[in-house]
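Hello,

Here is the structure we talked about. Please have a look, then read my notes below.

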Amino acid sequence: MKKRLVQVLGLLGICVLVSCNAGTQRLAKQEAQAKNIILLIGDGMGVAQLSTAYYYGNQTPNFSRFPFIGLHENAPVGAKITDSAAGATAFSIGEKSYNGAIGVDQDTLPKETILEWASKQGKRTGIISTCTITHATPASFYAHVKSRNLHEDIAADFTLSNVDFAAGGGYQYFLNREDGQNLFMELEGKGVITDTTAVSRDLEQGHRYAFLLGATDLPKVQEGRGDFLPQTTEVALDFLSQGDEGFFLMVEGSQIDWGGHDNDADYIINEVLDFDRAVGAALDFAAKDGNTLVIVTADHETGGFSLSAPLIFGQTDYQHVRPTFSTGGHSASLIPVLAYGPGAEEFAGIYQNHEIYGKMMQAFQVSK
Ligand code: MG
Ligand code: ZN
């Protein structure tokens, strides 16, 4: 009798333990919900480019603030090495596509992007880049065209999109078009305030904004871009976070890639340090907010860049670091992924680039 009671009590204990444990797991799942996602893409930023922030910066890089690190494989459909269009499209639609594809699958069919999905849910959306807003990386989040070269078609898609906050370059594709259309007039007709002079800090709720500060690309950091990227990231976060339903913001450090193509280490270093400041702005926001997932990654590596020991009279000199390049194009290296906030643990490990989409969607959707 006593023995049976003990057994029953024991079973009860196990049940309590099990249900208690299930409760904790449910709680843990709830805590992994992201109301907001900030995706920061350092175009062409492999591990060596990221490492420059550690060798050439004056302080501990913001990259060090991320608790979860992974790597992604990035080959596109039909090639071993990806371009920025296929790379960003994998993130935005969750499928691998071909080099040149902008928001379309491998059969050139348009696919809803995570930005468009977020917009449909009532979330606000933003796009910031240091090249033209119609360039491959930003375009892949709001446009659907079969080739990255179709800048005017991409600008037309931007006009049709619901992006709430956009900043970058490229107004010529809106104002100086072969079809003679003035897309700024169309944007303004839809309540989008356009500005080609500066990113205003004074934004009114109830409007959408497009700051296109150059006819084409913005200048390099070395040529006077200033704090555009970190400051605009702050302005966008302040604006987008005032909606009730959360937001999706993509921020691109576009020109890390161009430093790689130019085999210009100083160009890379300056652009990476600038990008890291934007990452810091995103993390500061997320730390305060508590409901924001921040992901830092790249589409691919550019330049076959490495931080090598120089050869001096046939001897390797381990006292110095010398940046070297092995190509003027992209390379096939796996690419780092850094994650912070609700759902961040899902980004640990090695996976395909398009799985980043699924991990972001998972972080978003469990909040519903
Ligand atoms: Mg890019
Ligand atoms: Zn490139």
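Where is the place of Asn 353? Asn 353 sits in the loop between β16 (349–352) and α12 (355–365). Keep in mind that this is a predicted model.

Is Asn 353 buried or exposed? Asn 353 has a relative accessible area of 2%. The cut-off for buried is under 20%, so Asn 353 is buried. Leaving aside residues up to four places away in sequence, Asn 353 touches His 72, Glu 73, Asn 74, Gly 87, Ala 90, Phe 91 and Lys 96.

Now the metal site. The magnesium ion (ligand 1) is coordinated by Asp 43 (OD), Thr 137 (OG1) and Glu 252 (OE). The distances are 2.0 to 2.2 Å. The spacing of these donor residues in sequence is D-x93-T-x114-E. Asp 43 lies in the loop between β1 (36–42) and α2 (47–56), and Thr 137 lies in helix α5 (residues 136–139), so this pair ties together parts that are 94 residues apart in sequence. Asp 43 is buried, at 3% relative accessibility. Thr 137 is buried too, at 1%.

Next, the sheet. It is open and has ten strands, with mixed pairing. The order is β5-β6-β4-β3-β7-β1-β8-β15-β2-β16. β5 (192–195) and β16 are the edge strands, and each pairs on one side only. From one strand to the next, the twist averages 15°.

Two strands deserve a closer look.

- β1 pairs with strand β8 (residues 292–297) in the parallel sense, over six bridges. Leu 39 stands opposite Ile 295 in β8.
- Strand β3 (residues 124–132) is mostly covered: nine of its nine residues are buried. β3 runs parallel to β7, and six bridges join them. Here Gly 126 stands opposite Leu 249 in β7. β3 also runs parallel to strand β4 (residues 165–169), joined by four bridges. There Ile 128 stands opposite Ala 167 in β4.

Last, the helices on the sheet. Which strands does helix α11 (residues 265–289) lie across? They are β1, β7 (247–253), β8 and β15 (335–340). α11 runs at about 165° to β1. α12 also packs on the sheet, where α12 touches β1, β2 (68–73), β7, β8, β15 and β16. The direction of α12 makes about 110° with that of β16.

Best wishes

How values were computed:
Residues are numbered from 1 along each chain as its sequence is written. Chains are lettered from A and ligands numbered from 1 in the order in which they are written. This is a predicted model: local features need pLDDT of at least 70, side-chain atom pairs count only at pLDDT 80 or more; totals for chains, interfaces and linings use all residues. Side-chain values use heavy atoms; hydrogens and water are left out. Buried means under 20% relative accessible area, exposed over 50%, partly exposed in between (1.4 Å probe, protein chains only). Contact means heavy atoms within 4.5 Å. Donors are N, O and S atoms within 2.8 Å of the metal (3.2 Å for Na, K and Ca); water is not among the atoms, so sites may look incomplete. Two strands pair if DSSP finds at least two bridges between them. Axes are lines fitted to C-alpha atoms, for helices over the stretch in contact, and angles run from 0 to 180 degrees between N-to-C directions.
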